[in-house]
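This report describes how the parts of one protein chain are arranged. Please keep the sequence and the structure in view while reading.

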Amino acid sequence: MKIRYHEIGDRIAARRKELRFTQEAVTNLTNISINQLSNLENNRSVPTVETILKLSEALKVTPDYFLLGIVKSMDDAPVADIAQKSLLCTDKQKQLVLEFIALLIKENY
């Protein structure tokens, strides 16, 4: 698992826009400056852990989404849990999980 620092700012900006928040709204929620947020979104700086946590809370995603791009919303905890646990699976196990989900959907469970 590798953090691609140049993608963090892109994810911050995308999520902010997805929620239709202005930069000013995010800075009011996080207590970080507009300049700092702009620098993050334009990949001119790397956020601290504290900043990632503040942004995660304000933009309603887990820190994993910003860091790794894997979990989008804290509102869907079961999906987030599945995504986290799938990181520990082999490719064969992941395929089995996908087949099981397809079976559940097919059977309307």
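## Overall arrangement

From the N terminus on, the elements of the protein chain follow the order α-α-α-α-α-α-α. The secondary structure therefore comprises 7 helices and 0 strands. The model described here is a predicted one.

The protein chain has 109 residues, and buried residues account for 26% of them. Contacts that link distant parts of the sequence can also be counted. Among contacts between residues at least 6 apart in sequence, 46% join residues at least 24 apart.

## Helix 1 and helix 3

Helix 1 covers residues 5–18, and helix 3 covers residues 34–41. The two helices pack at an angle of about 115°, and their axes are 7 Å apart. Helix 1 is therefore roughly perpendicular to helix 3.

Which residues in helix 1 and helix 3 meet? On the side of helix 1 they are Gly 9, Asp 10, Ile 12, Ala 13 and Arg 16, and on the side of helix 3 they are Leu 37, Leu 40 and Glu 41. Sorted by class, this contact has 4 nonpolar, 1 polar and 3 charged residues.

## Helix 2 and its two partners

Helix 2 packs with helix 3 at an angle of about 115°, with the axes 9 Å apart. Helix 2 is thus roughly perpendicular to helix 3. The crossing of helix 2 and helix 3 is right-handed. In this contact, Gln 23, Glu 24, Val 26 and Thr 27 of helix 2 meet Ile 34, Leu 37, Ser 38 and Glu 41 of helix 3. By class, the contact consists of 3 nonpolar, 3 polar and 2 charged residues.

Helix 2 (residues 23–30) also packs with helix 4 (residues 49–58): their axes come within 9 Å and cross at roughly 115°. Helix 2 and helix 4 are therefore roughly perpendicular to each other. Their crossing is right-handed. Val 26, Leu 29 and Thr 30 in helix 2 meet Lys 54, Leu 55 and Ala 58 in helix 4. The classes in this contact are 4 nonpolar, 1 polar and 1 charged residues. Val 26 takes part in the contact with helix 3 and in the contact with helix 4.

## A buried residue in helix 1

Ile 8 lies in helix 1. Is Ile 8 buried or exposed? Its relative accessibility is 1%, and a residue counts as buried under 20%, so Ile 8 is buried.

Leaving aside neighbours within four places in sequence, Ile 8 is in contact with Ile 3, Asn 43, Pro 47, Ile 52, Phe 66 and Leu 67. A further pair shows how the chain brings separated positions together in space. Ile 8 and Gly 69 are 61 residues apart in sequence, while their C-alpha atoms are 8.3 Å apart.

## Two buried residues in helix 4

Thr 51 is placed in helix 4. Its relative accessibility is 6%, so Thr 51 counts as buried. With neighbours within four places in sequence left aside, Thr 51 is in contact with Ile 32, Gln 36 and Leu 40. Leu 40 is also one of the helix 3 residues that meet helix 1.

Ser 56 is likewise found in helix 4. Ser 56 counts as buried because its relative accessibility is 2%. Where does a polar atom of the Ser 56 side chain lie with respect to the backbone oxygen of Ile 52? The distance between these two atoms is 2.7 Å. Ile 52 also appears among the contacts of Ile 8.

## Loop residues with positive phi

Arg 20 is found in the loop between helix 1 and helix 2. Its phi is near 60°, which is a positive value in a residue other than glycine. The relative accessibility of Arg 20 is 78%, so Arg 20 counts as exposed.

Asn 43 sits in the loop between helix 3 and helix 4. Phi of Asn 43 is near 55°, again a positive value in a residue other than glycine. With a relative accessible area of 32%, Asn 43 is partly exposed. Asn 43 is also one of the residues in contact with Ile 8, which is buried in helix 1.

Notes
Residues are numbered from 1 along each chain as its sequence is written. This is a predicted model: local features need pLDDT of at least 70, side-chain atom pairs count only at pLDDT 80 or more; totals for chains, interfaces and linings use all residues. Side-chain values use heavy atoms; hydrogens and water are left out. Axes are lines fitted to C-alpha atoms, for helices over the stretch in contact, and angles run from 0 to 180 degrees between N-to-C directions. Helices (H or I, at least four residues) and strands (E, at least two) are DSSP runs, numbered from the N terminus. Angles under 35 degrees count as roughly parallel, over 145 as roughly antiparallel, 65 to 115 as roughly perpendicular and the rest as oblique. A crossing is left-handed if the near helix is turned anticlockwise from the far one by less than a right angle, and right-handed if clockwise. Contact means heavy atoms within 4.5 Å. Ala, Val, Leu, Ile, Met, Phe, Trp, Tyr, Cys and Pro count as nonpolar, Asp, Glu, Lys and Arg as charged, and the others, Gly among them, as polar. Buried means under 20% relative accessible area, exposed over 50%, partly exposed in between (1.4 Å probe, protein chains only). A polar contact is a pair of N or O atoms within 3.5 Å; within protein, one must be able to donate a hydrogen and the other to accept it, and residues adjacent in sequence count only if both atoms are side-chain atoms.
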